[in-house]
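The following paragraphs guide the reader through one molecular structure. Please keep the sequence and the model in view while reading.

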Amino acid sequence: MIQLPRHDLHKKLVGRANPMRIQLEITRRCNLDCVHCIQGGCSEIGGEMTAADYERLLPRMSAAGVFSVSLTGGEFLCHPEIHDILDLLLRSDFWLALQTNGTLLDQDTVDFMAKRREKIRAVAVSLYGATAQAHESVTRSPGSFEKTIRAIDMLSEAGFRVEVISLLMTMNQEEAPQIQELCRKRGLFHQFNSIIAPRKDGETSSLECRLPEELLKKLPRPWETFTENFIPHEPDDFAPDKTLDAWCTMARTSGYIDSRGNLLPCSIMDLPAGNVKDRPFDELWRDSAVFNALRKLKIGQFECSRCGHFPTCRPCPGLAFLEHGNMFESPKEICRIIELFLGDKEVIQT
Amino acid sequence: MGEIIFKKSGSLIERRIDGEAILLDIKSGVYYDLKDVGVFIWEILSGGSTAGKIAAAVAESFDVDAETALADTLELLKDLESEGLIVRDAES
């Protein structure tokens, strides 16, 4: 018997294109109105996967080898059948992670989830400030701060691992130290982020909230750790003639199913392999022409491969897709941040 | 006193991938990989079993003598138990 570090398992499975982790966008509906949200159209009603659809889908995902499932949205608790869907997931054999704004969590739902708490690896909660003023300047939803804090406390008291994720923008960055302190006092895992992407429908007004360089440099987060989650590989894994196995998990070990059942490479790359309501997940995953084409892409096809920061900067092809409609270009927001902290490196001409 | 019955822990997610058994212990988040005879023994443990019965099945299905089969079985059961992947159910 061999104990397998997660990175080694990824390496073992990536060549076989065996899915390990799937994100389920349960719904695009949301009860908040966050300035930076990439979804747009959060009032979407209709066409969503139903509990019956998930009852058919989950065994096929299990058979395909998926271990972990993340629930996201929109706000996943806005789905009208969310309790049936949660019940299905908690009875299935997946390791779950939940991403929520927390405002719709009530004690009954927390108690319901707590009955199978071991199945839930973590609950990630979005928090944008240590005060209502800062938080609600982002959510544009009065009362949301108090509800989110209450949810964090309910989840913690019920024994869940709560991961607080804070996106910092121009309007809330001043509270970064207070957010850290709020989380430290509660003993919560906490992470800042500052990457704001264009909306999926191409709308770009949220980009005005991106932090300018002088503010980015003042963030409490040690930005040198930006690249620490890198999966360790050999330098040769990033040679121009290599596929993206060591770089990006999309369509290899991870994928995304949107609220209407479209199987996508990731949450931000709108290249559907097909719909899981029309064809079993495992067949789509294995046979999709789109996914198989993604699996054959070579690193040398990407602009990033000719930059001195690559692969340290861990550029996201999905973010490039959102920014330019073209995954082969560099994701400029990552370039901006990396150059700020690691310096401007010469582009290697090939 | 009878032999100890071992069974799988309830905190595992397991998948069969290319003939290997990949186990995820959701208490620790650690993955494990079983191959060949390990997969065979793991299958038997689905219904709970004793070291003696498992070793007999190993000896019958693989080209090994009973003594070797028992030694190998005990070694794997010890590893599985120390990692919390199997538990003692009862005595037969």
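The largest cavity has a volume of about 80 Å³. The model is a predicted one, and a search of the whole structure finds 1 cavity of 30 Å³ or more. The residues that line the largest cavity include A:Cys304, A:Cys307, A:His309, A:Phe310, A:Cys313 and A:Pro315. Also part of this lining are A:Ser330, A:Ile334, A:Cys335, A:Ile338 and A:Glu339. Sorted by class, the lining has 8 nonpolar, 2 polar and 1 charged residues.

One of the lining residues, A:Phe310, leads to the aromatic rings of the structure. Over all chains there are 8 aromatic pairs. In one of them, the ring centres of A:Trp247 and A:Phe302 are 5.0 Å apart and the planes stand at 70 degrees, so this pair is edge-to-face. A:Trp247 belongs to the loop between α8 (213-216) and β8 (254-257) of chain A, while A:Phe302 belongs to the loop between α10 (289-296) and α11 (317-324) of chain A; the pair therefore ties together parts that are 55 residues apart in sequence. A:Trp247 is buried, with a relative accessible area of 8%, and A:Phe302 is buried as well, at 1%.

A:Trp247 also forms an edge-to-face aromatic pair with A:Phe310, with 4.9 Å from centre to centre and 70 degrees between the planes. This pair, too, links distant parts of the chain: A:Trp247 is in the loop between α8 and β8 of chain A and A:Phe310 in the loop between α10 and α11 of chain A, 63 residues apart. With a relative accessibility of 10%, A:Phe310 counts as buried. Ring pairs join A:Trp247, A:Phe302 and A:Phe310 with A:Phe238 and A:Phe328 into a cluster.

A contact of another kind involves both chain A and chain B: B:Arg15 lies over the face of A:Phe67, at 5.6 Å from the ring centre.

The cysteines remain to be considered. How many disulfides does the structure hold over all chains? There are 0. For A:Cys183, the closest cysteine sulfur is that of A:Cys34, and the two sulfurs are 17 Å apart, which is too far for a bond. A:Cys183 is buried, with a relative accessible area of 1%. A:Cys313 is likewise in no disulfide, and its nearest cysteine sulfur, in A:Cys304, is 5.7 Å away. Because a disulfide requires sulfur atoms within 2.5 Å, a separation of 5.7 Å does not qualify. A:Cys313 is buried, at a relative accessible area of 7%. Both A:Cys304 and A:Cys313 are among the residues that line the largest cavity.

Methods: Residues numbered from 1 in each chain as written. Chains lettered and ligands numbered in written order. Predicted model: local features only at pLDDT ≥ 70, side-chain atom pairs only at ≥ 80, totals over all residues. Heavy atoms only, no water. Phe/Tyr/Trp six-rings, centres within 6.5 Å; stacked < 30°, edge-to-face > 60°. Helix = DSSP H or I, 4+ residues; strand = E, 2+ residues; numbered from the N terminus. Buried < 20%, exposed > 50% of the residue type's maximum accessible area, 1.4 Å probe, protein only. Lys NZ or Arg CZ within 6 Å of the ring centre and 35° of its normal. 1 Å grid on protein atoms, 1.4 Å probe; cavity = no way out; pocket = protein on both sides within 12 Å on 5 of 7 lines; lining within 4 Å. Points joined across faces, edges and corners; volume = space filled by probe spheres on them. Nonpolar A, V, L, I, M, F, W, Y, C, P; charged D, E, K, R; others polar.
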